[in-house]
Amino acid sequence: MKKHLIFDLDGTLIDSAPSILEGYAHAFKSTATPLKMPLSNDVIGPPLIESLQLLSGQDDDALLQSLAKVFKEHYDSSGYLKSVVFDGVTEMLQQLHQAGYNLYIATNKRLFPTEKIVRHLQWDQFFQGVYALDYFQPALSRKADMVGRIVQDLALPIEECLYIGDRLEDGLAADAHNMDFVLVTWGYAADASQKKPHWHRCSQVDALATTIADLKG
């Protein structure tokens with residue numbers, strides 16, 4: 001059976017779009033930087049600097065760091081509180097925790113606000129580990145590398161692991177380590193057409209526990 005469940009965060013467990021997009025709008029307005037593309041859910045998910053590059057259409061490090069600084073100050077102080085939990089997720093996590101699964105988070109979001117969100121939602125009782133690209137030093141650049149480090153550092157048998165996320169990147173991160181993957185489609189980023197034939201799919205939060213239980217190690 002699957003014993004170790006690794007969850008993506010944004011678009012899988014929480015809808016952070018309102019808080020993140022508000023933070024981007026604040027950063028671009030405060031620095032008088034023109035937006036080169038609309039503020040939409042399409043920019044939710046990638047690492048911060050990557051999203052700022054897309055939104056600004058520039059790769060000037062000084063500008064990107066300035067935008068990032070303003071965004072972080074806003075998001076880390078109050079913006080993160082506006083993240084919305086998808087209906088049924090807390091109950092689902094409690095169910096999986098009580099069933100004896102080991103739960104982890106692996107997200108592109110920075111570690112500091114991620115840990116604040118987890119504590120704010122009182123989810124620290126469910127998760128044995130919370131990981132982000134900047135949890136590791138030096139910081140990792142890809143989610144696939146993060147998933148690999150979690151498995152390696154915790155000595156988790158791949159056949160007992162499952163990654164659960166809502167984006168193509170999540171599935172490819174699992175594939176990089178021959179790990180089973182469930183694409184959830186209740187979030188805002190999922191595109192069912194991106195689903196690979198060997199991936200599993202779940203469209204309802206209250207069905208995820210059954211989907212996981214049906215998987216073999």
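Ala155 counts as exposed in this predicted model, at 62% relative accessibility. The residue sits in the loop between α6 and β6 (161-165). Its backbone deserves attention, since phi of Ala155 is near 55°, a positive value in a residue other than glycine. Most residues other than glycine have a negative phi, and most peptide bonds are trans.

Gln122 belongs beside Ala155 in this discussion. Its phi is near 60°, again positive in a residue that is not glycine. Gln122 is found in the loop between α5 (111-120) and β5, and with a relative accessible area of 54% it is exposed. A further backbone feature is the peptide bond from Gln137 to Pro138, which is cis, with omega near -5°. Pro138 is in the loop between β5 (127-132) and α6.

Staying with α6, I turn to Asp153, which is part of this helix, residues 143-154. Asp153 is partly exposed, at 44% relative accessibility. From C-alpha to C-alpha, Asp153 and Val84 are 31 Å apart in space, with their positions 69 residues apart in sequence.

Ala209 offers another pair of positions to consider. Its C-alpha atom is separated by 7.2 Å from that of Met92, and the two residues are 117 residues apart along the chain. Ala209 lies in helix α8, residues 208-213, and at 12% relative accessibility it counts as buried. Leaving aside residues up to four places away in sequence, Ala209 touches Gln95 and Leu96.

Let me now move to helix α2. Which residues of α2 are buried? They are Leu48, Ser51, Leu52, Leu55 and Ser56. These residues cover an arc of only 120° around the axis, so they lie on the same side of α2. The general background is that an α-helix has 3.6 residues a turn, so residues three or four places apart point the same way. The cover over the buried residues of α2 includes α1 and α3.

Ser51 is a good example from this helix. It is buried, at 0% relative accessibility. Beyond residues up to four places away in sequence, Ser51 touches Tyr24, Val43 and Pro46. After α2 comes Gly57, whose phi is positive, near 70°.

The next topic is empty space. The general principle is that rolling a probe the size of a water molecule over the atoms shows where empty space is left.

How many cavities of 30 Å³ or more does a search of the whole structure find? The search finds two. The largest cavity has a volume of about 150 Å³. Its lining consists of 15 residues, and Ile20, Tyr24, Pro46, Leu48 and Lys109 lie nearest its centre. By class, that lining divides into nine nonpolar, three polar and three charged residues. At least two lining residues come from each of α1 (17-30), α2 and α3. Tyr24 and Pro46, both near the centre of this cavity's list, are also contacts of Ser51.

The second largest cavity has a volume of about 40 Å³. It is lined by Asp8, Asp10, Gly45, Thr107, Asn108, Lys109, Lys143 and Arg167. Its lining has no nonpolar residues, three polar and five charged.

The largest pocket holds about 220 Å³ of space. The residues that line it are Pro47, Leu48, Ile49, Gln65, Lys72, Asn108, Lys109, Arg110, Leu133, Asp134, Ala139 and Leu140. The elements giving two or more residues to this lining are α2 (48-56) and α3 (61-77). By class, the pocket lining has six nonpolar, two polar and four charged residues. Lys109 therefore deserves a second look on the screen: it appears in the lining of the largest pocket, in that of the second largest cavity, and among the residues nearest the centre of the largest cavity.My last topic is the cysteines. In general, a disulfide is a covalent bond between the sulfur atoms of two cysteines. How many disulfides does the count give here? The count comes to zero. Cys161 is in no disulfide, and the nearest cysteine sulfur, that of Cys202, is 19 Å away. Cys161 is buried, with a relative accessible area of 0%. Cys202, likewise in no disulfide, has the sulfur of Cys161 as its nearest cysteine sulfur, at 19 Å. Cys202 is buried as well, with a relative accessible area of 3%.

How values were computed
Residues numbered from 1 in each chain as written. Predicted model: local features only at pLDDT ≥ 70, side-chain atom pairs only at ≥ 80, totals over all residues. Heavy atoms only, no water. 1 Å grid on protein atoms, 1.4 Å probe; cavity = no way out; pocket = protein on both sides within 12 Å on 5 of 7 lines; lining within 4 Å. Points joined across faces, edges and corners; volume = space filled by probe spheres on them. Helix = DSSP H or I, 4+ residues; strand = E, 2+ residues; numbered from the N terminus. Nonpolar A, V, L, I, M, F, W, Y, C, P; charged D, E, K, R; others polar. Disulfide = S-S within 2.5 Å. Buried < 20%, exposed > 50% of the residue type's maximum accessible area, 1.4 Å probe, protein only. Arc of directions from axis to C-beta. Contact = heavy atoms within 4.5 Å.
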